[in-house]
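This report describes a single protein chain, beginning with its aromatic side chains and moving on to charged pairs and overall form.

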Amino acid sequence: KTDVVSAYSNTGNAIIKNYTNWKKFNSAPYLASTFGRRYLNNYANKAAATVYKKYENLKKMPISFVVFKDGITFNPEGQTGISALFVMDKMQAGFSKASGDWSYTMITPNAKGNATVTFCIECHISADDNDMMMFLPEELRVN
């Protein structure tokens, strides 16, 4: 946990130091096929925690709803490393029609900053009936 947080600390983003204290919604890391060779954990901030646990039964996320996904990567030779940190942040209406008003950020380990990304929209658009939210495997969900 500390190694993961310290790997992202160079961004200067204060929220990174506390996200591992947020509600974690998986009982074990899960292989996220749309994220490449990564096993991820899902954390939701206080604004999101009571809503996120509804999973497919939710319809619209509140503004300031934030989900962090951290984890490990692995390659075919079995070597592992710290994954990029993926952040979904629900923004004000009108932020981006294409993304459903979500901001997607990727923070790479030992990076000097954050990178706003748009390629996430390509997958998340398929979940427009759940406000662009895609969920972890049912067997690993924690309420």
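## Aromatic pairs

The structure is a predicted model, and the count of aromatic pairs in it comes to 11. In one of them, the rings of Tyr 52 and Phe 135 have their centres 5.9 Å apart and their planes at 55°, so this pair is tilted. Tyr 52 belongs to helix α2 and Phe 135 to the segment after α3, so the two rings tie together parts of the chain that are 83 residues apart in sequence. Tyr 52 and Phe 135 are both buried.

Another pair, formed by Phe 65 and Trp 102, is edge-to-face, with 5.7 Å from centre to centre and 85° between the planes. Phe 65 sits in the loop between α2 and β4, while Trp 102 is in strand β7 (residues 102–107), so parts that are 37 residues apart in sequence are tied together here. Phe 65 is buried, as is Trp 102.

## The ring cluster and its charged neighbours

Ring pairs link these four residues with two others: the cluster consists of Phe 25, Tyr 52, Tyr 55, Phe 65, Trp 102 and Phe 135.

Two rings of the cluster have a charged side chain over the face. Lys 23 lies over Phe 25, at 5.5 Å from the ring centre. Arg 141 lies over Tyr 55, at 4.3 Å from the ring centre.

## Salt bridges

Side chains of opposite charge can pair when their charged atoms come close. Over the whole structure, a search finds two salt bridges. One joins the side chains of Glu 56 and Arg 141, with 2.8 Å from N to O. This pair links distant parts of the chain, 85 residues apart: Glu 56 is in the loop between α2 (46–52) and β4 (66–74), and Arg 141 is in the segment after α3 (120–124). Glu 56 has a relative accessible area of 38%, so it counts as partly exposed. Arg 141 thus takes part in a salt bridge with Glu 56 and also lies over the face of Tyr 55.

The other salt bridge is between the side chains of Asp 131 and Lys 90, at 2.9 Å from N to O. Asp 131 is in the segment after α3 and Lys 90 in strand β6 (residues 85–90), so the bridge ties together parts that are 41 residues apart in sequence. Are these two residues buried or exposed? Both Asp 131 and Lys 90 are buried.

## Fold and overall dimensions

The protein chain contains three helices and eight strands. Their order along the sequence is α-β-β-β-α-β-β-β-β-β-α. The radius of gyration is 15 Å, close to the 15 Å that the globule rule gives for 143 residues, so the chain is as compact as a globular protein of that length. Taken along the principal axes, the box filled by the C-alpha atoms is roughly 40 × 35 × 30 Å.

## Burial, contacts and surface

Of the 143 residues in the protein chain, 45% are buried. Among contacts between residues at least 6 apart in sequence, 52% join residues at least 24 apart. The accessible surface of the protein chain is about 7,800 Å², and carbon and sulfur atoms account for 52% of that area.

Conventions:
Residues numbered from 1 in each chain as written. Predicted model: local features only at pLDDT ≥ 70, side-chain atom pairs only at ≥ 80, totals over all residues. Heavy atoms only, no water. Salt bridge = Lys/Arg side-chain N within 4 Å of Asp/Glu carboxyl O. Helix = DSSP H or I, 4+ residues; strand = E, 2+ residues; numbered from the N terminus. Buried < 20%, exposed > 50% of the residue type's maximum accessible area, 1.4 Å probe, protein only. Phe/Tyr/Trp six-rings, centres within 6.5 Å; stacked < 30°, edge-to-face > 60°. Lys NZ or Arg CZ within 6 Å of the ring centre and 35° of its normal. Rg over C-alpha atoms; globule rule 2.2 N^0.38 Å. Contact = heavy atoms within 4.5 Å. Areas by Shrake-Rupley, 256 points an atom, 1.4 Å probe, with all protein chains shown as cover.
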